[in-house]
Amino acid sequence: MNGTRTDQELMMLIVNKDADALKFLYDKYEKPIYAFAYRIVQDAMMAEEVVQELFLRIWKAAERYDAAHGKLTSWMFALTRNIAIDLLRKKQNRTIVQTMEAEQLNQIPDSGKSTEEVALEGWRGREIREALHELNPDQKQVVDLIYYQGYTQQEVSDQQAIPLGTVKSRVRLALKQLRGRLAGVGKEEVQR
């Protein structure tokens, strides 16, 4: 890639999905963007994640940049700031949820259930774990991220770099397979 290209020329090439232009833009701005992100998030890995997300957004939506509204660097730093703040908010929300879950585990109340009921619930839990184990790895991963780690389908799509429709299909197929596998679980209680 010729080093004499202007930022606007690079963006036009990126709009046309020129990977070399994106690489050149990345090489040119990665260090100052990283330093800026690091000042906001105060964590090296999160700063790298911010940089990665910025250049992914530029690749996917380069046409949103309008040179008439300002310099490319101003646009990039504004996006970086927004991405960093979003990541900090997500991290804060997850930390709060994890803290609450840990506190709830430490305060297990007496449920007043009989030994038989507790054993039946334990059996159901094993059946569910076995059913989850039977899912294919892609479905298992998506179910884990969404239902056990609290990610949204969009976050899973972004994080795993797979289309949102694929995430939705995997969830739907996994739930269908789990429903079929677990159809008889718990019916013993109804028959009593």
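The exercises below, each with a worked solution, concern salt bridges and the largest pocket in a predicted model.

**Exercise 1.** Find the residue with which Lys28 forms a salt bridge, and state which helices the pair links.

Solution. Begin with the partner: Lys28 forms a salt bridge with Asp7, and the closest N and O atoms are 2.9 Å apart. This distance satisfies the criterion, because a salt bridge requires the side-chain nitrogen to lie within 4 Å of the carboxyl oxygen. Next, place both residues along the chain: Lys28 belongs to helix H2 (residues 19-41) and Asp7 to helix H1 (residues 7-15), so that the pair, 21 residues apart, links distant parts of the chain.

**Exercise 2.** Decide whether Lys28 and Asp7 are each buried, partly exposed or exposed.

Solution. The cut-offs needed here are under 20% relative accessible area for buried and over 50% for exposed, with partly exposed in between. Lys28 has a relative accessibility of 38% and therefore counts as partly exposed. Asp7, at 14% relative accessibility, counts as buried.

**Exercise 3.** Describe the salt bridge between Asp27 and Lys23, including where the two residues lie and how accessible they are.

Solution. In the first step, note that the closest N and O atoms of Asp27 and Lys23 are 3.0 Å apart. In the second step, locate the residues: both are in helix H2, four residues apart, which is about one turn of the helix. In the last step, consider accessibility: Asp27 has a relative accessible area of 49% and is partly exposed, whereas Lys23, with 52%, is exposed.

**Exercise 4.** Work out which residues are linked in a network of salt bridges with Arg181.

Solution. Start from one pair: Glu130 forms a salt bridge with Arg181, with 3.5 Å between the closest N and O atoms. Glu130 lies in helix H5 (residues 115-133) and Arg181 in helix H8 (residues 164-181), so this pair, 51 residues apart, also links distant parts of the chain. Then widen the view: the network consists of Glu127, Glu130, Glu134 and Arg181. Finally, a search of the whole structure finds eight salt bridges.

**Exercise 5.** Describe the largest pocket by its volume and its lining.

Solution. The volume of the largest pocket is about 780 Å³. Of its 23 lining residues, Glu49, Glu53, Leu87, Lys90 and Gln159 are the closest to the centre. Helices H3 (44-61), H4 (72-106) and H7 (153-160) are the elements that each give two or more residues to the lining, and the largest share, eight residues, comes from H3. Sorted by class, the lining has 11 charged, nine nonpolar and three polar residues.

Note on methods
Residues are numbered from 1 along each chain as its sequence is written. This is a predicted model: local features need pLDDT of at least 70, side-chain atom pairs count only at pLDDT 80 or more; totals for chains, interfaces and linings use all residues. Side-chain values use heavy atoms; hydrogens and water are left out. Buried means under 20% relative accessible area, exposed over 50%, partly exposed in between (1.4 Å probe, protein chains only). On a 1 Å grid over the protein atoms alone, a cavity is a set of points where a 1.4 Å probe fits but cannot get out, and a pocket is an open set with protein on both sides within 12 Å along at least five of seven lines; lining residues have an atom within 4 Å of a point. Grid points are joined across faces, edges and corners, and a volume is the space filled by probe spheres set on the points. Ala, Val, Leu, Ile, Met, Phe, Trp, Tyr, Cys and Pro count as nonpolar, Asp, Glu, Lys and Arg as charged, and the others, Gly among them, as polar.
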